[in-house]
Amino acid sequence: MGDQDRAPAAAIKRLEAKIAQINQGLTGCQRLTDNMCDVLDVFERRLVDLEATMIPIHKQTQSLTLAQRNIDRTIAEVDLLQRHCATSQIDESTIDERSVRQEPQQFLEQVNRINEAAAFFDAHQSIANATKYQRSCASLSKKSVKVCEAEFKRVIETESKSIDFSQLPWPLPDDFQPMSHATLNQLGVLAACLEKCKSTELFLNRLIQIRSDNLKTSLDTASAGSSSSQSLSESAVERDSLRMAQKVKSRLMGVKKKSGQEQYEKGSHPFIKYIQFFLWLTKLERKLITDLFEFTKLGDADIQSCIATITNSLLENVTKEAQELLNKKSDSKVLILLDILDNLTKLVPQHHSKGPGSLGDVVRHLAEGVRKAIEYRKEKIAHSYSKQQFPIDGGYDPITVQTMNFITRFFEYRTTMEICVATPSPGSPSSVTKTESAICDFLVALDSSLEQKAKSYKNTSLMHIFSLNNAHYILKNIRSSPELLNAIGENSRVIADIDQRYKLSFDCYKLATWTKLLAYIEKRDDLVVSTPLATSQKKAIKQSFSGFNAVFEELYSAQKQFSVPDPDLRSQLRNANVELIIPKYRTFLQTFAKVEFSSHPGKYIKYHDNVLEQMLNKFFDEEA
């Protein structure tokens, strides 16, 4: 056999050898599988035997466990019954103020046990003597409530000390504690005890009554402390206004100096601090009640109801104080009430809310008071002329100074006016606010009063000086404040009327003052220059100079005493006088000074034009 034939034969032998090995391995695996199956069969038979053995044992164990549970439950129920029976047999004499005072927490635990025992016997009436035990628990609970209530009352009455407003630092402290933590804990335990005994209403009524009385007493200290200074005093501005008017000229007929009144400063009225004290008290009370209720299971609605009841009782005092404030009469009432409202809107932004501590009604009362005070002030201004109090030198009338300073102060509260007193004025255009309308009404009343008062002057020139001074003062004050002028309106009817009166008074003053004097120096038919002069002509010239001199000296003497406090107006009047008189007098002087109308011309020509001009510039200057 060749080499090519031997190679396949060798390969076949090798494959046959491998196949023989594989068959041998498979035979071994089958033997192992058979052995394993035999072992599993044995194990299965043993498990069946074990299960048959364990089932009775398991049933016996279940029976024993159930029996154990029944025994434990029975023992627990017996223990509970014994405990409740023992609780129902507590000696009532041990339930006293001393026990609740010394060990309040233990007292509360005992009350819990009594209530639990009562509930137990009520639910298990089949127990022998259950009714008897239940009545005993009810008696113990009643005694506990009585003792607890008495102690609650004692503690809260003893520890609820009124707060003396006069002894507090200012501003009011935020960390002030009306009660100690120990006292609050004691009251909380007592409150929880009363709640457990279903006496919540009893403890709430007692709490509300005592705390309300206590807070009222505290609030009264603020009222009593401020009563002497709570009168509506003049504002500082108005006092300064009157003082200024008196300083301009001390000779104010019929004007008595006001004294004995405290100076009012913005934000300092006692009622403002009274309100701050009220809000501070209610804030403290809210925290105290909230902390106290944490010991109970009462809800937020109960807390809010309790706080609202206490606070509303205080609001009665606040409303009473506000009413007393409103009943007082004063020219400064408008400013004071607006100042109070301004502070209230800052202290209580949500003053119209209806929640606890709401000051909405107080704000509305004060706002109505502002409306009435505005009407009173307008009437007072309008009828001030009837008092016949006016400056004899034609200067500023006190009512003008006071009213304009009042308007300036009043305008500062325009935001408060719109927030609190914003009601449309009858007949006013929708674009006119209450503030603007009121200011225009004040100005109309003042202008009317000044017009009537001007008629009291017998000297016509002085009458017009008076009108000029006061109209100029009004207009200057308004125009010096762009915001005020914008609010009223430069072209408003009231400004136009006052401006017209000012201009008319200016012209009327010149006419009333200089008509008689100018008649002597203005061109006349009998005043002509001819050569030689006739006797009648000389006489006419002499009479013109003499008349002019006499009238001018009278005017000079009188008008030096006239008061024109404003330097600008004073300068305008002097310049107007100079422009009116000097050119005409200079012409007259130049015409006749060189004419021989007298052998003693110096007797008639007293004033040269430059001297006359100097004298005209001394008008309205008493010291010149």
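## Surface patches on helix H1

Asp34, Asp38, Asp41 and Glu44 together make up a negative patch on the surface of this predicted model. One of these residues, Asp34, belongs to helix H1, which covers residues 3-88. Asp34 has a relative accessibility of 37% and therefore counts as partly exposed, since that class lies between the 20% limit for buried residues and the 50% limit for exposed ones.

A second surface patch is nonpolar in character and consists of Phe43, Leu47, Leu50, Met54 and Ile57. Together these residues present about 470 Å² of accessible area. Ile57, one of the members of this nonpolar patch, is located in helix H1. With a relative accessibility of 40%, Ile57 is classed as partly exposed.

## Salt bridges within and around helix H12

Side chains of opposite charge can pair when their charged atoms come close. The count of salt bridges in the model comes to 21. One of them joins the side chains of Arg409 and Glu412, with an N to O distance of 3.9 Å. Both residues lie in helix H12 (residues 398-412), and because they are 3 residues apart, about one helical turn separates them.

The two partners are covered to differing degrees. Arg409 is buried, at 9% relative accessibility, whereas Glu412 is partly exposed, with a relative accessible area of 41%.

## Salt bridges between distant parts of the chain

Where along the chain do the partners Asp609 and Arg586 lie? Their side chains meet in a salt bridge with an N to O distance of 2.6 Å. This pair links distant parts of the chain, with Asp609 in helix H20 and Arg586 in helix H19, 23 residues apart. Arg586 has a relative accessible area of 30% and so is partly exposed. Elsewhere, salt bridges with shared partners connect Lys266, Arg409 and Glu412 into one network.

Glu553 and Lys606 form another salt bridge, in which the closest N and O atoms are 3.3 Å apart. Here too the pair links distant parts of the chain: Glu553 is in helix H18, while Lys606 is in the loop between helix H19 (567-592) and helix H20 (609-616), and 53 residues separate the two. Glu553 counts as partly exposed because its relative accessibility is 31%. Lys606 falls into the partly exposed class as well, at 46% relative accessibility.

## The loop between helices H17 and H18

Lys523 is situated in the loop that connects helix H17 (493-521) with helix H18 (535-559). Is Lys523 buried or exposed? Its relative accessibility is 86%, so Lys523 counts as exposed. Lys523 and Thr587 are 64 residues apart along the chain, and a distance of 10.0 Å separates their C-alpha atoms.

## Helix H14

Helix H14 comprises 21 residues, from 434 to 454. The distance from its first C-alpha to its last is 30 Å, close to the 30 Å expected at 1.5 Å a residue. How many of the residues of H14 are buried? The helix is mostly covered, with 16 of its 21 residues buried.

How values were computed
Residues are numbered from 1 along each chain as its sequence is written. This is a predicted model: local features need pLDDT of at least 70, side-chain atom pairs count only at pLDDT 80 or more; totals for chains, interfaces and linings use all residues. Side-chain values use heavy atoms; hydrogens and water are left out. Patches are made of residues with over 30% relative accessible area and no salt bridge: like charges are joined within 9 Å, nonpolar side chains (Val, Leu, Ile, Met, Phe, Trp, Tyr) within 5 Å. Accessible areas come from the Shrake-Rupley method with a 1.4 Å probe; for residues, only the protein chains shown count as cover. A salt bridge is a side-chain nitrogen of Lys or Arg within 4 Å of a carboxyl oxygen of Asp or Glu. Lys and Arg count as positive and Asp and Glu as negative; His and the chain ends are not counted. The place of a charge is taken as NZ of Lys, CZ of Arg, CG of Asp or CD of Glu. Helices (H or I, at least four residues) and strands (E, at least two) are DSSP runs, numbered from the N terminus. Buried means under 20% relative accessible area, exposed over 50%, partly exposed in between (1.4 Å probe, protein chains only). The expected span of a helix is 1.5 Å times one less than its number of residues.
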